[in-house]
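Grab a coffee and open your favourite viewer. Here is a set of short exercises, each with a solution worked step by step.

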Amino acid sequence: MNPMATAPDAAPLLGVNIDHVATLRNARGGRFPDPVMAAQQAVEAGADIITFHLREDRRHIRDADVERLKAVISAPLNFESALAPEMLDIICTVRPQRVCLVPERRQELTTEGGLDVAGQFERARAACARLADCGCHVSLFIEPSALQIEASAKAGAPCIELHTGAYANAFDAGDEAARQREFDRIVAGLKLGRSLGLQTNAGHGLSLQSTPAIAALPEVSELHIGHAIIGHAVFVGLKQSVRDFRAAIAGAVAAAHAH
């Protein structure tokens, strides 16, 4: 198993995505709120990893933010990126500890669906090899489907992050049938990924209420959560928001072990 994976009985590591702090800053211009300060506060509150997505259109995180994060944040950085030459060049200059390759469309509000690794296999394999040579631990953000999971393993990625958006949306909508169906897909995907020797992470769209069931799954090594943490922070403050999500994760894991 990959050395970055958590022990089977450990709580998943929490990656806090700070993109939406930059979104708020950019809505008005200027320097505030500062996403780097947000990253510092998240780490102080217990975040294990700082996640950010440098998009090709720079709609939230900017190049200067990445440079400052690398300079001042002590926690591992998880650099989300499109499978694009410009981004791979930047990553190999920055050399973050983690990289998560994601799909990206300029008109989308947030990442929609997982990366089609099977459909662009050679590009994905080449990117995995290049980023590994740059010293980065590579993850592919994919749907919980056997096709994509098996393609990710063949592409040489040591890690996958399963897209939990459909599960989270069904949970929030109160659609129990869809929630259970998507949850079962995630469980099956995690188990398949582990059987292929991959580290298995999860994330996207998770709220304080929908996180525990995913956190309790023993195959989940890392959870990457952004919008819900920043949204909750509007009411309780960022440090407390991170603490609340950490408590929800720890509680879910403890309850699972009690059974």
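The exercises below move from buried polar residues to the core, the salt bridges and a surface patch.

This is a predicted model, in which local features need pLDDT of at least 70, side-chain atom pairs count only at pLDDT 80 or more, and totals for chains, interfaces and linings use all residues. Residues are numbered from 1 along each chain as its sequence is written, and side-chain values use heavy atoms, with hydrogens and water left out.

**Exercise 1. Place D65 and work out what its side chain pairs with.**

Step 1: find the element. D65 sits in helix α3, residues 63-72. (Helices are DSSP runs of H or I with at least four residues, strands are runs of E with at least two, and both are numbered from the N terminus.)

Step 2: check the exposure. D65 has a relative accessible area of 4%, so it is buried. (Buried means under 20% relative accessible area, exposed over 50%, and partly exposed in between, using a 1.4 Å probe and protein chains only.)

Step 3: look at the neighbours. Skipping residues up to four places away in sequence, D65 touches R25, P35, V36 and H60. (Contact means heavy atoms within 4.5 Å.)

Step 4: pick out the polar partner. The side chains of D65 and R25 make a polar contact of 2.9 Å. (That is a pair of N or O atoms within 3.5 Å; within protein, one must be able to donate a hydrogen and the other to accept it, and residues adjacent in sequence count only if both atoms are side-chain atoms.)

**Exercise 2. Describe the surroundings of N201, another residue to classify as buried or exposed.**

Step 1: N201 belongs to strand β7, residues 199-203.

Step 2: its relative accessibility is 2%, so N201 counts as buried.

Step 3: beyond four places in sequence, N201 touches S139, C159, I160, E161, L162, L190, S221, E222 and H224.

Step 4: a polar contact of 3.0 Å joins the side chains of N201 and Q199.

**Exercise 3. Which helix gives the most to the largest nonpolar core?**

Step 1: define the core. It is a set of buried Ala, Val, Leu, Ile, Met, Phe, Trp, Tyr and Cys residues joined through side-chain atoms within 4.5 Å.

Step 2: size it up. The largest one has 72 residues, and L101, L131, L140, I214, L223 and V242 have the most contacts inside it. Helix α4, residues 85-94, gives the most to this core, with six residues.

Step 3: zoom in on α4. Its buried residues are M87, L88, I90, I91, C92 and V94. Their cover includes α3, β3 (77-81), β4 (98-101) and α5 (121-133). Right after α4 comes R95, with a positive phi near 55 degrees.

Step 4: take L140 as a sample. Beyond four places in sequence, L140 contacts L101, L115, V117, C128, S152, A157, C159, I160 and E161.

**Exercise 4. How many salt bridges are there, and which parts of the chain does the E44–K239 pair link?**

Step 1: set the rule. A salt bridge is a side-chain nitrogen of Lys or Arg within 4 Å of a carboxyl oxygen of Asp or Glu. By this rule the count is 13.

Step 2: start with E44 and K239, whose side chains meet at 2.7 Å, N to O. This pair links distant parts of the chain, 195 residues apart: E44 is in helix α2 (residues 35-44) and K239 in helix α11 (residues 238-258). E44 is exposed at 56% relative accessibility, while K239 is partly exposed at 28%.

Step 3: go on to R246 and D48, which form a salt bridge of 2.9 Å, N to O. R246 lies in helix α11 and D48 in the loop between α2 and β2 (49-53), so this pair ties together parts that are 198 residues apart in sequence. R246 is partly exposed at 33%, and so is D48 at 23%.

Step 4: turn to a pair within one helix. R125 and E122 meet in a salt bridge of 2.7 Å, N to O. They are three residues apart in helix α5, which means a separation of about one helical turn. An α-helix has 3.6 residues a turn, so residues three or four places apart point the same way.

**Exercise 5. Which residues make up the nonpolar surface patch that has about 350 Å² of accessible area?**

Step 1: set the criteria. Patches are made of residues with over 30% relative accessible area and no salt bridge; like charges are joined within 9 Å, nonpolar side chains (Val, Leu, Ile, Met, Phe, Trp, Tyr) within 5 Å. Accessible areas come from the Shrake-Rupley method with a 1.4 Å probe, and for residues only the protein chains shown count as cover.

Step 2: name the members. V234, F235 and V236 form the patch, with about 350 Å² together.

Step 3: check F235. It lies in helix α10, residues 227-236, and is exposed, with a relative accessible area of 73%.
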